[in-house]
Every structure is written in C-alpha cells, then in structure tokens.
Amino acid sequence: PDWINPFDPSFPEHLQICPRSGDPDRACRFVCPHQRNQLSGMGGGGGRTFLPWSKNRGDELKLALCKAFASATIAIKQVDPEALIMTVDPLIKVHARGPEDAEEAQILDAAQFSANDLLMGRNPDCAIDVSDHIDVVGVNHYPYSQFYSDREQLALDDPRRVPLSDLLADVYARYDRPILLSETGAEGDIRAGWFDYVADECQKAVRKKVPIYGMCLYPILSHIAWTGERFCPNGLFDGACPTRDVEPNFLRVLMRYQQRIGSL
C-alpha cells in the first residue's frame with residue numbers, strides 16, 4: 001500500500017503476517033515472510049531496480065526488510081509453532097578475472113549472504129537474531145548466476161563455473177539448515193538441459209549428505225518479462241491462452257525426474 005514506507009521504523013510491524021489455519025496433521029507448512037531480502041534491499045535501495053526505487057540506501061533497506069522478516073517470523077511461530085520458516089535469496093558465484101579484481105570479486109560474492117547472516121544473528125552491529133526460528137534456506141539459481149565482478153556472465157560450458165552441488169554444499173556448511181532450491185529455470189532451447197543439469201546437481205548434493213528438500217521450477221507458464229519489454233520463453237508451456245504449446249524436450253525431462261523424485 002502507498003501508505004507503507006519501508007524506511008519507517010514502524011514498517012516491521014506491518015509485515016506480521018500469519019498463515020491460515022489448516023489441517024494440523026500436515027507434515028510441514030513452509031512460510032517465507034519476505035523473499036530476497038538481500039536482492040530486494042540492494043536493488044530497491046541501491047540500484048533503483050525495485051520498489052521503493054531508492055539510491056544509496058541499499059544497506060538501510062536490507063536492514064529494514066530483515067527486521068520486518070524477523071518480526072513476521074516471531075509472529076508466525078507464535079500462531080503456528082510447527083511452521084517451517086524459509087529464507088530466499090539468489091545463490092551466485094562471482095569470479096575474478098585475475099589478481100587485479102580478486103578482492104572485488106570476493107567482496108561481491110560474500111555480499112550474497114549478508115541478509116541471511118543478519119537474520120542468523122551473525123552481525124555484531126545488529127540486534128536481529130531469529131536463527132532458532134529459521135528452518136530452511138531457500139536459494140534461487142539460474143544460468144546467469146555465475147559472472148565476473150564486472151557482471152559479464154560465464155558461458156554455460158565455461159570450465160571455471162563452480163558446480164551447483166558444490167555451491168549448495170557451501171550454503172549447508174555455512175548455515176547448517178536444509179536447503180530448498182526455491183527458483184530455477186532457463187529460456188529457449190536450453191531450458192530442458194538446464195533443468196536436467198540442476199536436478200542432477202541436486203542429487204549429487206544429496207550424495208554429499210546435503211539435505212535438499214526439493215527444487216522449484218520457475219515458471220510453468222512462459223510469460224512477459226516483469227519489466228514488460230519482451231516475452232520470456234522459459235516455461236513448460238509457451239504461447240497465449242487458450243492454446244498454449246508444450247515444449248516437448250522440457251516435458252520429457254520433467255517427467256523423467258518426476259518419476260525419480262523419491263531419490264531427492
């Protein structure tokens with residue numbers, strides 16, 4: 001709503017949402033009070049990529065979002081102690097071209113964890129700590145999630161790419177929480193191959209004793225880009241309603257892994 005200002009000290013109170021009551025015998029109830037605290041904070045507060053379109057206030061907005069997340073988490077747990085609270089942020093890998101940008105790449109790579117570190121009480125300058133209430137770490141990973149410090153992406157066949165299974169293992173080692181691959185997908189002809197790769201890497205991570213709760217395809221339906229300037233052929237179904245066309249190679253890959261889902 002227009003009257004909510006995320007920079008207002010009272011903002012965290014407005015995000016105290018609670019899950020709807022349901023079947024108490026359900027095995028689990030996943031709740032993410034606010035996704036992408038790191039990305040939304042830096043994009044909305046620093047890069048004018050998201051609302052509230054601010055500049056030079058990235059750390060301030062990230063802190064506000066984390067405070068709101070923590071406030072909502074406590075409220076949710078009070079209503080439903082069995083709810084599983086999940087954080088969600090991109091999982092990336094920033095590469096250095098050489099010694100001249102190694103430090104910058106390391107700083108950019110480490111920044112991806114700053115919001116989760118805040119929520120886990122690992123920032124001595126901040127009083128936030130809901131580590132006891134966070135049950136699952138969600139990560140979003142795409143073909144463009146590995147890049148150099150100048151933002152140039154690594155090709156999918158670049159040998160310098162770090163396997164996703166290793167990245168997932170690093171997240172688990174850092175937070176000691178089960179992981180959900182909360183978003184993944186690709187556009188065009190590579191979408192089937194990308195999903196095949198990601199599913200295989202999740203299985204490799206499981207073999208490394210990393211608890212993976214599952215993976216979420218984004219999206220099922222191809223759509224107009226959220227910035228509105230182009231069509232994104234990234235779903236299982238392409239085209240306009242009511243006659244959407246199934247992407248056959250993608251369907252075959254999805255069906256194969258659906259049959260093997262018990263191994264995840």
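Strands here are DSSP runs of E, at least two residues long, numbered from the N terminus. With that in hand, here's a quick tour of the empty space in this predicted model. There's one cavity of 30 Å³ or more, and the largest pocket comes in at about 1,400 Å³.

**The cavity**
- The largest cavity holds about 60 Å³ of space.
- β4 gives the largest share of its lining, three residues.
- β2 (83–90) and β4 (134–140) each chip in at least two lining residues.
- The residues around the largest cavity are Asp89, Pro90, Leu91, Gln112, Phe113, Asn116, Val137, Gly138, Val139 and Val171.
- By class, that lining splits into six nonpolar, three polar and one charged residues.

**The largest pocket**
- Of the 40 residues lining the largest pocket, Arg36, Leu39, Phe50, Pro90 and Tyr144 are the closest to its centre.
- Pro90 turns up twice, since you'll find Pro90 in the cavity lining and also by the centre of the largest pocket.
- α1 (37–45), α2 (58–79), β2 and α3 (102–111) each supply at least two residues of this pocket's lining.
- α1 brings the largest share, four residues.
- The lining of the largest pocket has 17 nonpolar, 14 polar and nine charged residues.

**The second largest pocket**
- The second largest pocket has a volume of about 420 Å³.
- Its lining is made of 12 residues, with Pro6, Phe11, Leu51, Pro52 and Leu65 nearest the centre.
- No charged residues show up in the lining of the second largest pocket, which has 10 nonpolar and two polar ones.

Methods. Residues are numbered from 1 along each chain as its sequence is written. This is a predicted model: local features need pLDDT of at least 70, side-chain atom pairs count only at pLDDT 80 or more; totals for chains, interfaces and linings use all residues. Side-chain values use heavy atoms; hydrogens and water are left out. On a 1 Å grid over the protein atoms alone, a cavity is a set of points where a 1.4 Å probe fits but cannot get out, and a pocket is an open set with protein on both sides within 12 Å along at least five of seven lines; lining residues have an atom within 4 Å of a point. Grid points are joined across faces, edges and corners, and a volume is the space filled by probe spheres set on the points. Ala, Val, Leu, Ile, Met, Phe, Trp, Tyr, Cys and Pro count as nonpolar, Asp, Glu, Lys and Arg as charged, and the others, Gly among them, as polar.
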